[in-house]
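Reader: Hey, could you walk me through the salt bridges in this one? I'd like to know where they sit.
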Amino acid sequence: MIESQRHSYHLVDPSPWPISGSLGALATTVGGVMYMHSFQGGARLLSLGLIFILYTMFVWWRDVLRESTLEGHHTKVVQLGLRYGFILFIVSEVMFFFAFFWASSHSSLAPTVEIGGIWPPKGIGVLDPWEIPFLNTPILLSSGAAVTWAHHAILAGKEKRAVYALVATVFLALVFTGFQGMEYYQAPFTISDSIYGSTFFLATGFHGFHVIIGTLFLIICGIRQYLGHLTKEHHVGFEAAAWYWHFVDVVRLFPFVSIYWWGGI
Amino acid sequence: MWRRLLTSQLKTLATAPCRSASKTVPLPFKSNVSSSPFSYLLTRHFSASSAASAVKKTVEDVMPIATGHEREELEVELQGKKILEDVNNPVGPFGTKEAPAVVKSYYDKRIVGCPGGEGEDEHDIVWFWLEKGKPHECSVCSQYFVVSRSI
């Protein structure tokens, strides 16, 4: 009972997932370095680490769902704390992207003599910003609108429509990822092609990675909505996914303007 | 956001000299509830609880799948109170030697903060341990406190 617990907070039971996640991270980083320097067993250790991390994420968040929806530990203050925490996480991700845009601006605003003193560097065949990038940007924006639709459906108690809206969001997200992947495949330059390639692929690549993570988060929300976990009073997980998705959306606009459009002229 | 933070801060205080117990805790700090996402969350929460208590609702009407602590919190909210309110949000007149301010605790001592009297008599919060059998007087405004064990 909450009376005997004497507070409304959630003191989590001991769990193995933090240590297993840490070991997975260790394996990933060490394996990654080994792989990049062509040591034997590097690729194997890297893959093992990544699988371990993914497994830890699955079981950890499954436990969170169990503690909240099935055991009812997430009182109002706990929900508030989770919201704050997630917003701070998104802020930290914004800082992460800020670094890459700074790097891109650093190199593009004062192009060095090694690349010809011009931007884009001599010999780089830039992608036309008005083709796929211009198509992808509104696709992502519409998926943002769809996730807002889903949120309103949840708040109004229209459970089936919320599922449909989430399906629409995920569909648009997958279309975006598909187009972006196709563009990567067909790009005339690679990550090793001068500082242009480095900054381009790092910024857009990490953005794409975040899109994939966000898509996965939304798929999970869709499944939970279908199973009836989310109620109009309490759907912190969905709110977090929606915020993350909007963040991904907004971040997309920055590279479109600065890297694709301005960087290509 | 700030109002919520301050509310939770104030909840650990033995406060409210001459303040009547009410559903929405009145605060000395006037918050600037701007157009932040949190104000939306706050207003949603408060309006839901006041609407719920106006029409006698059960937990089943509001959130049927609620369980555990969340359910208890919701049940208490529907009756118009806040969970653990009597222990954590003490209200009452300014404590004097004859009629001390009673602070409830599950233990024999509790950390208490005194913000002073109403309006002009407010001062910066003074924090102290309040122990059973040792009534404490605030060093600034001399408000008198006594701890009472509640199981």
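**Salt bridges, one by one**

Author: Let's start with B:K97, which is exposed, at a relative accessible area of 55%. Keep in mind that this is a predicted model.

Reader: OK, what does B:K97 form a salt bridge with?

Author: Its partner is B:E137, with the closest N and O atoms 3.5 Å apart. That pair links distant parts of the chain, 40 residues apart: B:K97 is in the loop between α5 (85-88) and β1 (101-105) of chain B, and B:E137 is in strand β4 (residues 136-137). B:E137 is partly exposed, with 38% relative accessible area.

Reader: How many salt bridges does the structure hold over all chains?

Author: There are 6 over all chains. One of them is in chain A, where A:R83 pairs with A:E239 and the closest N and O atoms are 2.6 Å apart.

Reader: And which helices do A:R83 and A:E239 lie in?

Author: A:R83 is in helix α4 (residues 76-109) and A:E239 in helix α8 (residues 236-264), both of chain A, so the bridge ties together parts 156 residues apart in sequence.

Reader: Is A:R83 buried or exposed?

Author: Buried, because its relative accessibility is 8%, under the 20% cut-off. A:E239 is buried too, at 4%.

Reader: Switching back to chain B, where do B:E75 and B:R71 lie?

Author: Both are in helix α4 (residues 68-78) of chain B, 4 residues apart, which is about one turn of the helix. Their side chains meet in a salt bridge at 3.8 Å, N to O. B:E75 is partly exposed at 36% relative accessibility, and B:R71 is partly exposed at 21%.

Definitions and conventions:
Residues are numbered from 1 along each chain as its sequence is written. Chains are lettered from A and ligands numbered from 1 in the order in which they are written. This is a predicted model: local features need pLDDT of at least 70, side-chain atom pairs count only at pLDDT 80 or more; totals for chains, interfaces and linings use all residues. Side-chain values use heavy atoms; hydrogens and water are left out. A salt bridge is a side-chain nitrogen of Lys or Arg within 4 Å of a carboxyl oxygen of Asp or Glu. Helices (H or I, at least four residues) and strands (E, at least two) are DSSP runs, numbered from the N terminus. Buried means under 20% relative accessible area, exposed over 50%, partly exposed in between (1.4 Å probe, protein chains only).
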